[in-house]
Amino acid sequence: MSKNTSVALPGSERVALSDVEIVDPVAPEERITVTVLLRRRSSIPDQLIEGPDTLSRAALADRHGADPADVEAVRVAMSGAGLTVVGTDLPSRRVTVAGTAEALMRTFGAELQIVRDASGFQHRARSGELRLPAALDGIVIAVLGLDNRPQAEARFRASQPEAARSFRPDALGKVYGFPANTDGAGQTIAIVELGGGFRQSELDTYFDGLGIPAPRVVAVGVDGGQNLPSGDAGSADGEVLLDIEVAGALASGARQVVYFAPNTDRGFVDAVTTAVHADPTPAAVSISWGAPEDKWTAQARRAFDAALADAAALGVTVTAAAGDRGSADGEGGGGLHTDFPASSPHLLACGGTKLAVADGGTVASETVWNGGDRGGATGGGVSVAFGLPAYQRNAGVDKRRKTGKPGRGVPDVAAVADPATGYEVLVDGERLVFGGTSAVAPLWAALVARLTQALGRPLGLLNTALYDGVQPGRTQPGFRDVTEGDNDISGEHGPYPARAGWDACTGLGVPDGEALLAALRKLGKE
């Protein structure tokens, strides 16, 4: 396809990978499937995203889904290029397209190569921008799946039980005051996984040991992903079991649906989108995977954030781990980085603490989780990809360090994440203690399920209510503030120290569930 008959796809640029070995060009006859995301027929009004009103999936499709005429334009263009439309979904605006590598590279102006990374893993890679047939200019906003490099990492860390002061996850419900007489009954918690798996027999053993009814857990495959436990507790199995066990111990009455997808930008976006648009609509979606913002293409961030906006309009609360590598998010060079998807303004970003509990179960101390370079630290900072959302305007969010401009502050909330004061889990037959902000996302998802049960209505973008009336230096209703520590693992005590009110380590603080329920009732969230 010549440049005279094509247009650039904004935000599709990829930088060439520098730490891989080029193996071969992609075989022209290789079959590849991609997700093509289309524009909305009309924008979702801010009041629907910010709540409390919500839409049904049918109404979202009719008003803000893909226009059938746009879908037909894609079908015609793809057919003319020798490609096949194998699936469409109007509510989520996705068209699934399949064909040979040769036809896809010609249609989208990409050159694909097989590369091998340092671990020996081989995948497709590209660099530069993608192009579209001119007839699709403005209709298509993302093309995902040509490059299938690993997109994200799990946000959990392991600690041996004898080296840690550990907690049964259900005990943390008492520490954080989860509402009495609730267990998430009647609610669904969706969990997104990019690898690993679980065995029901192991879940039965774990919950039997806690004396808690095992939750109903269903596995759903997306883009060829499957529930495939490896038997290695240090693999992605650890993430899967941590998420299920934390959510199940704290909201045993909630049904869990675990979505397994390939660890690619296409797989990640499709898994979250599928979870958000499921029937029945989940109360919460928990995400414990992520990567620094600049590891994503702008089109992939845009596609992901659009799915999160759908979630808010549908009444779904999405929780996401803020990262485990401090204010740099594991990136070298001394720069500051926030983790995505946690940096999206359309979800609840979850940071981490170190917790000490005295005899009798009262909190002795709770500080920012920072175990240094080897022990990990909570992510947090100011996004360079997303502007300051309305709900954070009066929270005292720091400015971006390089430009002095406002940006989305991360995280919003927190809970214990230090593996030295971590969660007791059972993974592939081993009883271990895990931490990381990976555990905080399902903890908050469980709290959302119980709050939703108590209130009798979905919470959607909960951030709007949590930040209601916020002021710098003041503790918000429903929270216990965390004011000690920082998330700089370099040991230089900055640039984000904890402080009274919102901060870029633990957000608004850790929950007091009963007080939070009362605050939501006062705000008329029932």
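User: Before we consider helix α11, what does "buried" mean here?

Analyst: A residue is buried when its relative accessible area is under 20%. The model under discussion is a predicted one. In helix α11, 17 of the 19 residues are buried, so the rest of the structure largely encloses this helix.

User: How does one read the length of α11, and what follows the helix?

Analyst: The general idea is to compare the distance between the end C-alpha atoms with the span expected at 1.5 Å a residue. Helix α11 covers residues 437-455, and its 19 residues should span 27 Å. The end C-alpha atoms are 27 Å apart, which agrees with that expectation. After α11 comes G456, which has a positive phi, near 75 degrees.

User: What do the length and the burial of helix α8 show?

Analyst: A helix repeats in a regular way: with 3.6 residues a turn, residues three or four places apart point the same way. Helix α8 runs over residues 265-276, and its 12 residues reach 17 Å from the first C-alpha to the last, close to the 16 Å expected. Of these 12 residues, 11 are buried. Among the buried ones are D265, R266, F268, D270 and V276.

User: Where does S288 lie, and is its position buried or exposed?

Analyst: S288 sits in the loop between β15 (284-287) and β16 (289-292). Its relative accessible area is 1%, which means that S288 is buried. The side chain of S288 makes a polar contact of 3.2 Å with the side chain of D243. Beyond its neighbours within four places in sequence, S288 is in contact with residues including E153, R155, E239 and A321. S438, A441 and P442 are also among its contacts.

User: How many cavities of 30 Å³ or more does the structure hold, and what lines the largest?

Analyst: A search of the whole structure finds 3 such cavities. The volume of the largest is about 80 Å³. It is lined by 15 residues, of which G51, P52, L459, G460 and L461 are the closest to its centre. Helix α1 (residues 46-50) contributes the most to this lining, with 3 residues. By class, the lining has 7 nonpolar, 4 polar and 4 charged residues.

User: Which residues line the second largest cavity?

Analyst: The second largest cavity holds about 40 Å³ of space. Its lining consists of R14, R126, V143, L144, G145, L146, D147, D265 and Q299. These divide into 3 nonpolar, 2 polar and 4 charged residues. D265 is also one of the buried residues of α8.

Terms used
Residues are numbered from 1 along each chain as its sequence is written. This is a predicted model: local features need pLDDT of at least 70, side-chain atom pairs count only at pLDDT 80 or more; totals for chains, interfaces and linings use all residues. Side-chain values use heavy atoms; hydrogens and water are left out. On a 1 Å grid over the protein atoms alone, a cavity is a set of points where a 1.4 Å probe fits but cannot get out, and a pocket is an open set with protein on both sides within 12 Å along at least five of seven lines; lining residues have an atom within 4 Å of a point. Grid points are joined across faces, edges and corners, and a volume is the space filled by probe spheres set on the points. Helices (H or I, at least four residues) and strands (E, at least two) are DSSP runs, numbered from the N terminus. Ala, Val, Leu, Ile, Met, Phe, Trp, Tyr, Cys and Pro count as nonpolar, Asp, Glu, Lys and Arg as charged, and the others, Gly among them, as polar. The expected span of a helix is 1.5 Å times one less than its number of residues. Buried means under 20% relative accessible area, exposed over 50%, partly exposed in between (1.4 Å probe, protein chains only). A polar contact is a pair of N or O atoms within 3.5 Å; within protein, one must be able to donate a hydrogen and the other to accept it, and residues adjacent in sequence count only if both atoms are side-chain atoms. Contact means heavy atoms within 4.5 Å.
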